[in-house]
Amino acid sequence: MEFPELGKRCTAEACNLYDFLPYTCVNCKKVFCQDHFKLQAHHCPSLNDPSFDIRVPICPICEKPVPSKRGVDPNIRMNDHIQSNCSDLEPRHDNTCRKKGCTTKMLVPMQCPECGLSYCVKHRLAVDHQCQGKTSTKKKPVPNKSVDTSRAEMERQRRERVNAANRRKEEIDRLQSRLKQGKITEHEQIQLAKLMSVKDEKNGKCIVS
């Protein structure tokens, strides 16, 4: 039993296949079978029409897609984009939860009244996303001048101790060299003995070995 009203024949050249579930091309409005419904398969005339070209060029400077409206030359649109220093693209609205580590996409974003950011249902409460409030209204901490002064004083004292230890070591090396040469005086021997007897007040060890 035939069903003449069910299905249509493919209009592709050299096909003429009778298909019960035919496809109608949205561009050329012709009927095609499963093997020829794609634009390239039936050589659709819309492939040569620039207005049907939906490819989006990529900016060579900012490496972002630069879309243009139908009927607008993409070259002109790209030139305008480059002339604006790549600043004419509309910002993309990200509906991802702003909680760090959460990748939930929100159908209905919930904005926190404290920080103004949007969160998912799980992190909508301030305690759930560790709300820090609005960063613009935060007061900058006042530096403690007394702490800075004490740190600077400690650093100055440390440098003085290091310099004194270096001078002491240089003097000991000089006196020991004169002692080996047999040219050391009695006064220098006393001075060398005093330098060698300097002990570390903390551990009782000699500072200069």
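Buried here means under 20% relative accessible area, exposed means over 50%, and partly exposed lies in between. The structure described below is a predicted model.

**Helix H1 and its two faces**

Helix H1 spans residues 74-83, and Arg-77, Met-78 and His-81 are buried in it. These three residues lie on the same side of H1, because they cover an arc of only 100° around the axis. Asn-75 and Gln-83 are exposed, and they sit on the face of H1 turned away from its buried side. After the helix comes Asn-85, which has a positive phi, near 60°.

**His-42 in the loop before H1**

The loop between strand E4 (31-32) and H1 contains His-42. Is His-42 buried or exposed? Its relative accessible area is 11%, and since the cut-off for buried is under 20%, His-42 is buried.

The side chain of His-42 is placed close to two backbone oxygens. One belongs to His-36, which the side chain reaches at 2.8 Å. The other belongs to Lys-38, and it lies 2.7 Å from a polar atom of the His-42 side chain. Leaving out residues up to four places away in sequence, His-42 touches Cys-25, Cys-28, Phe-32, His-36 and Phe-37. His-36 thus appears both as a contact of His-42 and as the owner of a backbone oxygen reached by the His-42 side chain.

**A nonpolar patch on the surface**

Leu-6, Phe-20 and Leu-21 make a nonpolar surface patch of about 330 Å². Leu-21, one of these residues, is found in the loop between strand E2 (18-19) and strand E3 (23-24). With a relative accessible area of 68%, Leu-21 is exposed.

**Salt bridges along helix H2**

How many salt bridges does a search of the whole structure find? The search finds 7. Among them are three pairs in helix H2, listed here with their N to O distances.

| Salt bridge | Distance |
|---|---|
| Arg-159 and Glu-155 | 3.3 Å |
| Arg-156 and Glu-160 | 2.4 Å |
| Lys-169 and Asp-173 | 3.4 Å |

Helix H2 covers residues 145-181, and Arg-159 and Glu-155 are separated by about one helical turn because they are 4 residues apart in it. Arg-156 and Glu-160 are also 4 residues apart in H2, about one turn of the helix. The spacing of Lys-169 and Asp-173 is again 4 residues in H2, so about one helical turn separates them.

The exposure of the paired residues can be given pair by pair. Arg-159 counts as exposed, at 52% relative accessibility, whereas its partner Glu-155 is partly exposed, with a relative accessible area of 30%. In the second pair, Arg-156 is partly exposed at 38% relative accessibility, and Glu-160 is partly exposed with a relative accessible area of 42%. In the third pair, Lys-169 is partly exposed with a relative accessible area of 44%, and Asp-173 counts as partly exposed at 37% relative accessibility.

Arg-156 and Glu-160 also belong to a network of salt bridges, in which they are linked with Glu-153.

**Helix H3: one buried and one exposed residue**

Helix H3 is formed by residues 186-196 and includes Glu-188. Which residues does Glu-188 touch, not counting residues up to four places away in sequence? They are Arg-174, Leu-175, Arg-178 and Lys-183. Of these, Arg-174, Leu-175 and Arg-178 fall within the residue range 145-181 of helix H2. Glu-188 counts as buried, at 13% relative accessibility.

Lys-194 is also placed in helix H3. In contrast to the buried Glu-188, Lys-194 counts as exposed, at 57% relative accessibility. Lys-194 and Ile-172 are 22 residues apart in sequence, and their C-alpha atoms are 9.9 Å apart in space.

Note on methods: Residues numbered from 1 in each chain as written. Predicted model: local features only at pLDDT ≥ 70, side-chain atom pairs only at ≥ 80, totals over all residues. Heavy atoms only, no water. Buried < 20%, exposed > 50% of the residue type's maximum accessible area, 1.4 Å probe, protein only. Arc of directions from axis to C-beta. Polar contact = N/O pair within 3.5 Å; in protein donor to acceptor, adjacent residues only side chain to side chain. Contact = heavy atoms within 4.5 Å. Patch = residues over 30% accessible without salt bridge, like charges linked within 9 Å, V, L, I, M, F, W, Y side chains within 5 Å. Areas by Shrake-Rupley, 256 points an atom, 1.4 Å probe, with all protein chains shown as cover. Salt bridge = Lys/Arg side-chain N within 4 Å of Asp/Glu carboxyl O.
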